[in-house]
Amino acid sequence: MKRFISYTLVALIAAACVLAIYRFNFRKSIPDAPATEQVAAILAQNDCFVCHDHDSEGPFYIDFPVIGPRLQGHMHRAARFTDLRSVAENLDAIDEASLAKLEQSMLSGSMPLLEYRLVHWGTGFNQAEKSVLAAWIRDVRAERFATGLAAEAFANEPVPVSYTHLTLP
């Protein structure tokens, strides 16, 4: 019985150490800067460019036998879906589709993939980052993509109202 208690105590201490290392090693900070710089920092700190960049070399384990081909496939699809590196280099010129994709992945929590999060614990948007991203997306959408045709309650929707969808009585 003493051996079981000793092993349990060692396991609990090891778990506490792992959690402490995680908390102190993977802290992310949002810089005190303009919104576009904050968004670029958030994307970089969450490793978005590892997969969503046509020129990314990928993580060190990209050449491992079993996981490598699977990861390369994910990276290829991710870069085709959206090249966030080129978007982040000029966030003032972001297109509406990329803005909607970023918003959807932020709201759904679908990025990064679970397989990536299991290895890279510090990735994924925390609540503060989601707040900054949501405010920036709302501001960009209002400033650059508002049509003035939507009611105020729907003004921040990713799919704008267009003349082709209006029906007249």
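I'll start with one contact: the side chain of Asn126 reaches the backbone nitrogen of Glu129 at 2.8 Å. That is a polar contact, meaning a pair of N or O atoms within 3.5 Å; within protein, one must be able to donate a hydrogen and the other to accept it, and residues adjacent in sequence count only if both atoms are side-chain atoms.

Before going on, a word on the source. This is a predicted model, in which local features need pLDDT of at least 70 and side-chain atom pairs count only at pLDDT 80 or more, while totals for chains, interfaces and linings use all residues. Residues are numbered from 1 along each chain as its sequence is written, and side-chain values use heavy atoms, with hydrogens and water left out.

Back to Asn126. This residue is in the loop between H7 and helix H8, residues 127–145. Helices here are DSSP runs of H or I with at least four residues, strands are runs of E with at least two, and both are numbered from the N terminus. Asn126 has 32% relative accessibility and counts as partly exposed. For these labels, buried means under 20% relative accessible area, exposed means over 50%, and partly exposed is in between, with a 1.4 Å probe and protein chains only. The C-alpha atom of Asn126 is separated by 9.0 Å from that of Lys28, and the two residues are 98 apart along the chain.

Now the overall layout. The chain has 8 helices and 0 strands, so there are no strands to place on top of the helices. Of its 169 residues, 30% count as buried.Two loops have backbone features to point out. Asp47 lies in the loop between helix H2 (35–45) and helix H3 (48–51). Although Asp47 is not a glycine, its phi is positive, at about 60°. With 28% relative accessibility, Asp47 is partly exposed. The other loop, between helix H6 (96–108) and helix H7 (114–119), holds Pro112. The peptide bond from Met111 to Pro112 is cis, with omega near -10°.

Pro112 also leads to the next topic, the pockets. Rolling a probe the size of a water molecule over the atoms shows where empty space is left. In practice, on a 1 Å grid over the protein atoms alone, a cavity is a set of points where a 1.4 Å probe fits but cannot get out, and a pocket is an open set with protein on both sides within 12 Å along at least five of seven lines; lining residues have an atom within 4 Å of a point. Grid points are joined across faces, edges and corners, and a volume is the space filled by probe spheres set on the points.

The largest pocket has a volume of about 580 Å³. It is lined by 28 residues, and the closest to its centre are Cys51, His52, Met111, Pro112 and Leu113. Two or more lining residues come from each of H3, helix H4 (67–81), H6 and H7. Which element gives the most to this lining? That is H4, with 7 residues. By class, the lining has 16 nonpolar, 7 polar and 5 charged residues. Here Ala, Val, Leu, Ile, Met, Phe, Trp, Tyr, Cys and Pro count as nonpolar, Asp, Glu, Lys and Arg as charged, and the others, Gly among them, as polar.

Next, salt bridges: a side-chain nitrogen of Lys or Arg within 4 Å of a carboxyl oxygen of Asp or Glu. The structure holds 4 of these salt bridges, and I'll go through some of them.

Asp53 and Arg85 form one, at 3.1 Å from N to O. Asp53 is in the loop between H3 and H4 and Arg85 is in helix H5 (residues 84–89), so this pair ties together parts that are 32 residues apart in sequence. Asp53 is buried, at 11% relative accessible area, whereas Arg85 is partly exposed at 33%.

Glu103 and Arg141 form another, with their closest N and O atoms 2.9 Å apart. Glu103 belongs to helix H6 and Arg141 to helix H8, so the parts tied together are 38 residues apart in sequence. Are these two buried or exposed? Glu103 is buried, with a relative accessible area of 10%, and Arg141 is buried too, with 3%.

Arg138 and Asp139 also form a salt bridge, with the closest N and O atoms 3.7 Å apart. Arg138 is partly exposed at 43% relative accessibility, and Asp139 is partly exposed at 44%.

Last, the core. In soluble globular proteins, nonpolar side chains tend to be buried together. A nonpolar core is a set of buried Ala, Val, Leu, Ile, Met, Phe, Trp, Tyr and Cys residues joined through side-chain atoms within 4.5 Å. In this model the largest one has 20 residues, and those with the most contacts inside it are Leu43, Leu99, Phe125, Leu133 and Trp136. At least two residues of this core come from each of H2, H3, H5, H6 and H8. H8 supplies the largest share, 6 residues.
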